[in-house]
Amino acid sequence: MTSDNLQDKVDITFIGAGPTGLFGAFYAGLRGLSVKLIDALPQPGGQLRALYPEKTILDVPGFPAVKADNLVGELQKQALQWNPILCLEERALGLSPLHNAVGCDDPLCWEIQTDRAIHPTRAVVITAGIGAFEPIRLDIPSLKKYEGRGVDYFIQDVDAYSGARVLVVGGGDSAVDWATNLSRTAEHVTLIHRRDGFRAFESSVRDLYASPVDIKTHYELKAIHGSDHIESVTISQNKTGEEETLQMDRIYLALGFKANLGALKNWGLETTNQRYIKVNARMETNLEGVYAAGDIALEEDQDPLNLIVTGFSEAAVAVNHAYARLVEEGSVFPGHTSSRAVPL
Ligand SMILES: Cc1cc2nc3c(=O)[nH]c(=O)nc-3n(C[C@H](O)[C@H](O)[C@H](O)COP(=O)(O)OP(=O)(O)OC[C@H]3O[C@@H](n4cnc5c(N)ncnc54)[C@H](O)[C@@H]3O)c2cc1C
């Protein structure tokens with residue numbers, strides 16, 4: 001397939017508008033490149049907006065404490081000052097080279113196929129994070145019946161939990177943060193986790209233990225009861241097998257997400273450590289002109305360090321190297337921003 005809208009070609013397209021893609025879009029605009037951002041979700045922000053918009057983040061430089069949703073707002077403002085093209089609710093499905101296509105006089109040219117359109121671009125930065133968000137589900141009767149009717153995998157509307165009896169299931173950041181957060185407005189929050197200890201930031205765990213959340217370790221969810229809405233749940237102690245029934249209105253299942261690169265797996269990209277796109281120190285993939293940055297990218301033989309701040313840095317590295325490739329005699333080093341006019 002070749003693109004029939006080559007005149008719409010941009011210099012650089014980011015697949016994924018999470019924090020990495022947003023900062024990359026800003027950086028590319030700063031360097032004078034034309035930019036497009038594509039994201040499958042209806043809003044930019046990636047995991048921050050979809051998974052923990054209310055959480056206070058403590059490890060972003062320049063912000064001693066910042067709510068995830070506010071950080072995304074600032075990133076968006078910073079990126080949008082260069083007027084990138086924003087394509088939301090569009091899932092990238094395919095990536096093909098157009099280097100030798102008729103009508104494409106550019107030696108570097110790609111086309112991205114989404115479920116809505118075809119996007120020609122000179123360079124691509126894949127900032128797709130953990131890929132498509134696919135929550136891990138539990139194999140228990142009637143779970144499906146209550147999905148979207150009391151059982152949530154993402155919390156989008158905190159108000160829906162206000163005054164409710166809430167069961168949170170899980171032991172990671174999402175479970176810990178949301179249990180603490182919801183306990184401020186819910187009637188009662190119970191957190192169950194099948195193991196001892198939580199895999200979350202230490203400060204978040206401290207906040208959890210200081211909150212009114214009823215914490216039950218070594219417990220698992222066995223059944224959900226009710227009519228058209230949830231009325232109670234059965235949980236069991238996984239060491240003794242003892243079961244308890246608790247009156248409940250809502251359940252937040254925070255068991256994590258399946259890392260699913262989805263269609264990206266078929267793009268001819270080399271991967272490493274099972275789910276990561278393999279990059280070198282310039283954030284280049286094995287495909288010329290295609291870069292990856294953020295949670296989706298990993299250098300071979302390195303340990304993953306999936307943080308917002310590492311994504312920012314990787315986005316800057318990818319963009320500056322892409323610039324040097326796209327612009328004749330373009331330098332990787334951008335100079336310092338204080339030496340140029342920045343629109344505010
Ligand atoms: C509960 C929780 C708390 C956290 N707390 C912190 C913290 O305090 N500090 C910290 O530094 N990090 C924290 N993290 C980690 C941080 O959120 C990630 O490192 C960061 O979001 C990675 O950003 P990203 O832009 O690379 O990917 P993501 O945020 O995952 O964004 C990727 C985007 O790509 C889109 N996408 C994926 N596939 C496609 C496709 N095929 N087509 C179109 N769009 C696509 C997705 O919809 C998504 O919007 C936390 C994570 C969680 C889950």
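User: How many residue pairs are in polar contact between domain 1 and domain 2, counting pairs with both residues at pLDDT 80 or more?

Analyst: This is a predicted model, and side-chain atom pairs count only at pLDDT 80 or more. The chain is divided into domain 1, covering 6-132 + 258-339, and domain 2, covering 137-255. With both residues held to pLDDT 80 or more, the number of pairs in polar contact between the two domains is zero.

User: Which residue forms a salt bridge with K55, and how far apart are the closest N and O atoms?

Analyst: Between domain 1 and domain 2 the count is one salt bridge. On the side of domain 1 that touches domain 2, the residues are five nonpolar, no polar and four charged. The closest N and O atoms of the salt bridge that K55 forms are 3.6 Å apart, and the partner is D177.

User: Which three residues supply 57% of the area that domain 1 buries against domain 2?

Analyst: The two domains bury about 740 Å² between them, with 52% of it on carbon and sulfur atoms. Of the area that domain 1 buries against domain 2, 57% comes from three residues, more than any other three supply, and these are L51, E54 and K55.

User: What percentage of the area that the ligand exposes when taken alone does the protein bury?

Analyst: Around the ligand there are 34 residues, of which D39, Q47, Y52, D59 and A92 come nearest. An N or O atom in the side chain of Q47 is 2.8 Å from an oxygen atom of the ligand, while a polar side-chain atom of D295 lies 2.9 Å from an oxygen atom of the ligand. Taken alone the ligand exposes 1000 Å², and the share of that buried by the protein is 94%.

Note on methods: Residues numbered from 1 in each chain as written. Predicted model: local features only at pLDDT ≥ 70, side-chain atom pairs only at ≥ 80, totals over all residues. Heavy atoms only, no water. Domains from an automatic or database assignment. Buried area = accessible area lost by both parts, 1.4 Å probe. Salt bridge = Lys/Arg side-chain N within 4 Å of Asp/Glu carboxyl O. Polar contact = N/O pair within 3.5 Å; in protein donor to acceptor, adjacent residues only side chain to side chain. Nonpolar A, V, L, I, M, F, W, Y, C, P; charged D, E, K, R; others polar. Near = heavy atom within 4 Å. Areas by Shrake-Rupley, 256 points an atom, 1.4 Å probe, with all protein chains shown as cover.
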